[in-house]
Amino acid sequence: MLGAVFFDRDPRTVAKDLVGKVLRRRIRSSWLSVQIVEVEAYSIREKGSHASLGRTPSREALFMPAGTIYMYYSRGADSLNVSCRGAGNAVLFKAGRPFTDALSPPESLDRMHELNPGSRGERPLERLCSGQTLICRALELRVVDWNRRTFDPQTFFVEDVGYRPSRLIQARRLGIPKGRDEHLLYRFIDFDRVRSATSNPMTKRGFKEGVDFRILSLRRPSANARRDHFWAKDS
DNA sequence: CCAAAGATGCGCT
DNA sequence: GCGCATCTTTGGG
């Protein structure tokens, strides 16, 4: 299980490292699993974040220690975040892909389809968790149960299963109104699994490489050199 | 009251 | 495959 130490870092670093990790959720006796495909980072220092709107009871989790679950309800559905280093900083889980292994056998997929049925027939497996609220539906995660709580190895946690993406797409975040730091490239998508992401920045009309998105290769040259290069243009 | 880190269907290019 | 209207439910002004 990834603990507080994992989340006690810059939310952009946490977001990048979360791509490929697996959400584990126990419903009664069966474990449901979703591998993370897309994540967004939010900082209190920019206007896209909920934290920048002020500290209120419903946003309190954002200001609690790194690793605290922040859930909110908007437009008829729940969304999942985790607080990171720096009061008000967090990552938002945007999309994932159903995952099976010894802990979550193929039958677990049936349970997820039940929890998140399509309005017209069963969803394609590849699109079952391709949205922030779809993840929450498929894993039965709700604000009343999980907001302000921490991960728990008995019922809900994040696991490193050893998967390492070869490339990430770094892009603008979704749903950020104009003037709210919408240009920041704080969204990260597994290049090889973009079909399970909310949308594909590379094929979006009007999106230009180097402005609206960029490709990060995660081959193994100096991690520090990479990081400096990637973030050199941030304010 | 109404905007909100959204999702869906339907119509189009 | 994309854009836009429409549906959604709650917290906060």
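Biologist: Of the atoms of DNA strand B within 4 Å of the protein, what percentage belongs to sugar or phosphate?

Modeller: Please keep in mind that this is a predicted model. A residue is counted as near a strand if one of its heavy atoms lies within 4 Å of that strand. In the present case, 49% of the atoms of DNA strand B within this distance of the protein belong to sugar or phosphate, and the rest belong to bases.

Biologist: Which residues are the closest to DNA strand B?

Modeller: The strand is surrounded by 18 residues, and the closest are His50, Arg75, Asn81, Ser119 and Arg123. By class, this surface has 5 nonpolar, 10 polar and 3 charged residues.

Biologist: Which helices and strands each supply at least two residues of the surface near DNA strand B?

Modeller: They are β3 (69-74), β5 (90-98) and α4 (132-138).

Biologist: How should one read individual polar atoms beside DNA strand B, and which residues illustrate this?

Modeller: One looks for pairs of N or O atoms within 3.5 Å. For the bases, an N or O atom in the side chain of arginine 75 is 2.3 Å from a base nitrogen of DNA strand B. The side chain of tyrosine 42 likewise has an N or O atom 3.5 Å from a base nitrogen of this strand. For the phosphates, a polar side-chain atom of glutamine 132 lies 3.0 Å from a phosphate oxygen of DNA strand B.

Biologist: Which residues surround DNA strand C?

Modeller: They are Thr56, Ser58, Tyr73, Arg75, Gly76, Thr203, Lys204 and Arg205. Of the atoms of DNA strand C that come within 4 Å of the protein, sugar and phosphate account for 88%. The surface near this strand divides into 1 nonpolar, 4 polar and 3 charged residues.

Biologist: Which polar atoms lie beside phosphate oxygens of DNA strand C?

Modeller: Serine 58 has a polar side-chain atom 2.4 Å from a phosphate oxygen, while threonine 203 has a polar backbone atom 2.8 Å from a phosphate oxygen. As for a base, a backbone N or O atom of arginine 75 lies 3.1 Å from a base oxygen of DNA strand C.

Biologist: Let us turn to a single residue. Where does serine 166 lie, and with which side chain does its own side chain make a polar contact?

Modeller: Serine 166 is in the loop between β6 (156-159) and β7 (167-171). Its side chain makes a polar contact of 3.0 Å with the side chain of aspartate 192. Neighbours within four places in sequence aside, serine 166 is in contact with Asp192, Leu216, Ser217, Leu218 and Arg219.

Technical notes: Residues are numbered from 1 along each chain as its sequence is written. Chains are lettered from A and ligands numbered from 1 in the order in which they are written. This is a predicted model: local features need pLDDT of at least 70, side-chain atom pairs count only at pLDDT 80 or more; totals for chains, interfaces and linings use all residues. Side-chain values use heavy atoms; hydrogens and water are left out. Helices (H or I, at least four residues) and strands (E, at least two) are DSSP runs, numbered from the N terminus. A polar contact is a pair of N or O atoms within 3.5 Å; within protein, one must be able to donate a hydrogen and the other to accept it, and residues adjacent in sequence count only if both atoms are side-chain atoms. Contact means heavy atoms within 4.5 Å. Ala, Val, Leu, Ile, Met, Phe, Trp, Tyr, Cys and Pro count as nonpolar, Asp, Glu, Lys and Arg as charged, and the others, Gly among them, as polar.
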